[in-house]
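Hi everyone, thanks for making time. I'd like to walk you through a structure that is new to most of us, so have a look at it first.

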Amino acid sequence: MLKEKRKTNRKEEISNWALAENADNVLHSRIQSYLLAQTFLVAAYATLLTVGGETAVILLARLMACLVAVLGFVISWYTRRRMLSILGKFKYLIENKLAADANFQDYITQGGTVGVDKATRNEFVNHIPLIIQSFWVIALVLTLILTTNDLAVFPLNPAHPS
């Protein structure tokens with residue numbers, strides 16, 4: 001009976017360590033895929049803003065740039081939500097499952113010099129997506145202003161026939 005109890009506890013410890021490692025790996029892979037997606041969207045957005053030619057082509061390119069800006073915002077918002085969820089689960093696992101494991105506590109808190117809160121805080125997940133979301137909102141507004149200005153339908157444009 002005692003042997004079974006020890007085996008169960010040891011398996012639980014191993015599985016908690018594995019869960020913690022998996023949560024950390026998933027979080028970092030989300031961050032990498034998020035950065036890659038945002039990089040491609042910024043490149044697409046910048047390319048669409050450089051399109052010239054006929055008015056219809058410019059209008060179509062600017063509309064596509066607006067769609068890219070909206071897509072960039074939505075991807076940033078959704079991915080941040082998912083990353084915060086993973087970070088929350090990781091923190092829960094540490095505080096409730098691995099807190100009793102002295103080796104893990106020593107590992108995650110760097111020998112006791114850092115608390116669990118600070119060790120599990122991820123500034124990237126907390127701040128960078130908000131900055132990128134702000135970029136996409138500003139990009140959308142500026143694109144709409146540029147589009148109306150370039151197409152001479154904006155009253156402040158000197159070329160506007162008023």
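Let me start with a question: which residues form one aromatic cluster with Tyr45? They are Phe135 and Trp136, so to speak the partners of Tyr45 in that cluster. I'll come back to them.

A quick word on where this comes from. It's a predicted model, where local features need pLDDT of at least 70 and side-chain atom pairs count only at pLDDT 80 or more, while totals for chains, interfaces and linings use all residues. Residues are numbered from 1 along each chain as its sequence is written, and side-chain values use heavy atoms, with hydrogens and water left out.

Okay, the overall picture. The protein chain has five helices and zero strands; helices here are DSSP runs of H or I with at least four residues, strands are E runs of at least two, and numbering starts from the N terminus. Of its 162 residues, 29% count as buried. Buried means under 20% relative accessible area, exposed means over 50%, and partly exposed is in between, with a 1.4 Å probe and protein chains only. And if you take contacts with a separation of 6 or more, 73% of them join residues 24 or more positions apart, where contact means heavy atoms within 4.5 Å.

Now the inside. The largest nonpolar core has 18 residues, and Leu27, Met83, Val125 and Trp136 touch the most other members. By nonpolar core I mean buried Ala, Val, Leu, Ile, Met, Phe, Trp, Tyr and Cys residues joined through side-chain atoms within 4.5 Å. Helices α1 (2–49), α2 and α5 (123–150) each give two or more residues to this core, and α2 gives the most, with seven. Take Leu27: leaving aside neighbours within four places in sequence, its contacts are Met83, Ile86, Leu87, Asn122 and Val125. There's also a second, separate core of eight residues, including Ile94 and Phe104.

Let's stay on α2, which covers residues 55–97 and holds Thr79. Is Thr79 buried or exposed? Buried, because its relative accessible area is 13%. Beyond residues up to four places away in sequence, Thr79 touches Arg30 and Tyr34. Leu93 is also in α2, and it counts as buried because its relative accessible area is 8%. The C-alpha atoms of Leu93 and Trp17 are separated by 9.2 Å, although the two are 76 residues apart along the chain.

Tyr34 brings us back to the rings. They pair if the centres of Phe, Tyr or Trp rings (for Trp, the six-membered one) lie within 6.5 Å; planes under 30 degrees apart are stacked, over 60 edge-to-face, and the rest tilted. That rule gives four aromatic pairs. In one of them, Tyr34 and Phe124 have ring centres 6.1 Å apart and planes at 80 degrees, so they're edge-to-face. Tyr34 sits in α1 and Phe124 in α5, 90 residues apart, so to say distant parts of the chain linked by one pair. Both residues are buried.

And here's our cluster again: the rings of Phe135 and Trp136 have centres 4.9 Å apart and planes at 65 degrees, so that pair is edge-to-face as well. Phe135 is partly exposed, because its relative accessibility is 37%, whereas Trp136 is buried at 1%.

That's my tour, thanks for listening.
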